[in-house]
Every structure is written in structure tokens, then in C-alpha cells.
Amino acid sequence: MSIKCKVIWCFVAVVVAMLLSCGGKGSDTNQEEVDLLLADSIPVDTLAQVEEELGIDEESTPALDGNFNDFLFAYLHSRTLRQERTTMPLPLEHSQRPTELLEDFNPEFELGFLSGEYFTTLYGNVSQMRAEDDEELEEDSIVSLQRINLNDGTIRNYRFLREEGHWQLAAIREETFGDDDLSDFLSFYARFCSDSIFQSQSIADPLHISLQDSEDEDEIINGIIDADQWQTFCPEVPSGIISNIRKGQTYGGHRIVMRKSGLSNGLQEIFTFNKERTGWRLTRYEN
């Protein structure tokens with residue numbers, strides 16, 4: 001299980017413990033109460049205490065400000081942390097008109113696309129994906145969290161800076177698919193995830209698959225299926241509004257690897273697309 005997933009479950013455990021200690025009402029606690037407490041009960045001055053309780057230290061595990069995914073989880077669930085770590089007024093940059101300054105920024109609404117069961121990240125190749133898992137961030141770093149709307153072809157970039165050891169939401173930039181170096185792939189994928197006939201036509205024949213054995217989680221089953229078997233076999237492909245966490249990935253080649261990561265568990269799915277002479281095709285699926 002990834003560090004991020006461990007942090008998620010440990011945070012939930014801390015919150016549940018807090019609820020159980022408040023007047024012995026644990027048996028009456030419902031999910032709505034847990035969600036509300038998660039949203040407001042992790043102020044900045046308790047982060048160090050939570051890190052200590054979770055066993056997070058500089059020698060064993062990255063601190064919340066060291067690993068962006070861990071920081072993002074805390075940022076999404078702590079109103080106080082969002083207030084402390086959001087530049088105000090917040091610059092909103094546009095590709096076709098001057099920058100404006102936002103005096104009022106609502107993270108719950110803006111980042112609500114991350115409240116589902118999973119998030120997605122796009123890579124230019126498998127090596128980039130593997131390197132990110134072991135990456136040690138430098139003292140000053142930039143991460144762009146992208147909200148990609150496949151329905152209307154727009155992208156909203158939330159730019160986070162890590163300066164002097166602390167992450168900060170520094171600016172937002174609005175653009176369209178045409179402004180991004182993923183333009184060609186995103187235009188293809190928007191149709192791939194919404195048009196079942198086009199999706200069937202965009203499956204490599206044969207399609208390589210790599211699946212975890214349901215009876216033995218340590219065993220991987222590798223094989224191939226015919227393209228016409230995809231509709232029977234296919235999992236739920238990300239659609240609508242998806243995310244992309246850009247940590248220096250480069251694109252522009254003939255391959256895109258999409259990783260779909262669960263928010264509440266360590267499960268993941270990987271879709272590999274290759275651009276061939278006739279266009280993009282899904283060439284490999286892994287879970």
C-alpha cells in the first residue's frame with residue numbers, strides 16, 4: 001500500500017478515535033459526521049502531532065510537506081491548512097486575456113473533482129511512472145494539479161510551489177486542450193471514453209493484459225485478448241472530469257500511460273495507449 005493510502009487510513013482512524021472519545025457516542029456516529037469532522041478537524045498546529053502519531057519522521061517516511069500527494073490529502077481535508085497554504089489574492093491566469101486576482105477562492109468547490117473513488121495521472125512512458133514513485137523532491141519544486149474536463153475540452157491548472165520546505169497553492173491557469181502539450185491525446189481520449197463504438201475501434205488486436213490473480217494477490221496473469229472481447233472484459237474507464245498530477249512528466253511522443261489510483265485502497269489500473277499510423281489505440285491494460 002502506498003504512503004498516501006496509509007496516511008488516508010491513519011487519518012480516518014484518528015478521526016474515528018476522536019469521535020468515540022466524545023461523549024461515548026461512537027455507536028451513533030454516521031458517515032456524514034465523519035466527513036464533517038475530516039473537513040475541519042486537522043488544523044495546522046495539529047499536523048505535527050498527527051505525524052508523530054502516524055510514525056512519520058524524516059528518517060522513515062517523508063513528512064507531509066515533503067511528499068506532494070500526502071500534502072494534497074491534508075490540504076483537501078483541513079480548512080485551516082487551506083487558508084494557511086493558499087496565496088491570496090490568488091492569481092487566475094488565462095491564455096487569451098489578462099490575469100485576474102481572486103479575492104474569494106472556494107477549495108471545496110474548485111477541488112471537488114478529487115472527492116470521488118479514484119484519481120488519474122498521465123505519463124509519457126512507464127519509466128516516468130516508476131521514477132515518480134521513488135522521486136525525492138528538491139527543496140524548491142513545482143507541481144501542477146490539472147482538472148481536465150473531457151466534456152468541454154477545458155483544463156484548469158492549480159499550480160503548487162514548494163518553497164523553503166512548505167507547499168503553497170500559488171496560482172490557477174485556465175486553458176483549452178489546444179493550449180496543452182497533451183492536446184492530441186486528450187481530444188482522442190474524450191471520444192474514447194464517451195463513444196462505445198469508437199472505443200471498440202480503438203483497441204489493439206490483440207490487446208495485452210496483465211491481471212492480478214484473484215486467488216493469489218502475489219501472482220500476476222499475463223495474456224492477450226481479442227479486440228472484440230474488450231466490451232465484455234473492459235473495466236470502467238475514467239470519463240467526464242479527470243485529474244492529472246504533473247511533476248515534471250514530459251509528453252509529445254507516441255505513448256501515454258494513464259494510471260487510475262484508488263483513493264481508499266492500494267488498487268490501481270494502468271491503461272497504455274500508443275499512437276499508430278491510423279491513430280491512438282489502447283495496447284495494454286493492467287490491474
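What follows is a walk through the predicted model of this protein, from its overall make-up to a handful of individual residues.

To start with the broad picture, the protein has 287 residues, and 45% of them count as buried. Its secondary structure adds up to 10 helices and 12 strands. About 15600 Å² of surface is exposed, with carbon and sulfur atoms supplying 47% of that area. Of the contacts between residues at least 6 apart in sequence, 60% link residues at least 24 apart.

How confident is the predictor? The average pLDDT is 79, and 73% of the residues score at least 70. Residues 1-45 are another matter, as pLDDT stays under 50 there; the model still gives this stretch 54 contacts beyond four places in sequence. Residues 53-62 also have a pLDDT below 50, with 16 contacts in the model beyond near neighbours in sequence.

Next comes the sheet. Six strands form an open sheet with mixed pairing, in the order S2-S1-S6-S5-S4-S9. The edges belong to strand S2 (100-102) and strand S9 (241-246); each has a single partner strand, so one side of each lacks a neighbour in the sheet. Going from one strand to the next, the twist averages 25°. In general, strands of a sheet pair through backbone hydrogen bonds, in either a parallel or an antiparallel way. Strand S5 (residues 154-163) and strand S6 (residues 166-176) run antiparallel and are joined by 10 bridges. Within this pair, arginine 156 sits opposite glutamate 174 in S6.

Threonine 154 is a handy place to look at strand S5, where it lies. With 28% relative accessibility, threonine 154 counts as partly exposed. Its C-alpha is 6.0 Å from that of glutamate 175, although the two are 21 residues apart in sequence. Leaving aside residues up to four places away in sequence, threonine 154 touches Arg147, Ile148, Asn149, Glu175, Thr176 and Phe177. The side chain of threonine 154 also makes a polar contact of 2.7 Å with the side chain of aspartate 152.

Over in strand S4 (residues 141-149) there is serine 141. Its relative accessibility is 12%, which is under the 20% cut-off, so serine 141 counts as buried. Beyond residues up to four places away in sequence, serine 141 touches Phe160, Leu161, Arg162 and Trp167.

Cysteine 234 takes the story to the loop between helix H10 (230-233) and S9. This residue counts as partly exposed, at 25% relative accessibility. Cysteine 234 and tyrosine 285 are 51 residues apart along the chain, yet their C-alpha atoms are separated by 9.2 Å.

A few spots have backbone geometry worth pointing out. Most residues other than glycine have a negative phi, and most peptide bonds are trans. Glutamate 164 is not a glycine, but its phi is positive, at about 55°. This glutamate 164 is in the loop between S5 and S6, and its relative accessible area of 71% makes it exposed.

Then there are the cis peptide bonds. One joins methionine 88 and proline 89, with omega of about -5°. Proline 89 lies in the loop between helix H5 (79-84) and strand S1 (90-94). Another joins aspartate 205 and proline 206, where omega is about 10°. Proline 206, for its part, is found in strand S7 (residues 203-213).

Note on methods: Residues numbered from 1 in each chain as written. Predicted model: local features only at pLDDT ≥ 70, side-chain atom pairs only at ≥ 80, totals over all residues. Heavy atoms only, no water. Pairing = 2+ DSSP bridges. Helix = DSSP H or I, 4+ residues; strand = E, 2+ residues; numbered from the N terminus. Axes fitted to C-alpha atoms, helices over the stretch in contact; angles between N-to-C directions. Buried < 20%, exposed > 50% of the residue type's maximum accessible area, 1.4 Å probe, protein only. pLDDT = per-residue confidence, 0-100. Contact = heavy atoms within 4.5 Å. Areas by Shrake-Rupley, 256 points an atom, 1.4 Å probe, with all protein chains shown as cover. Polar contact = N/O pair within 3.5 Å; in protein donor to acceptor, adjacent residues only side chain to side chain.
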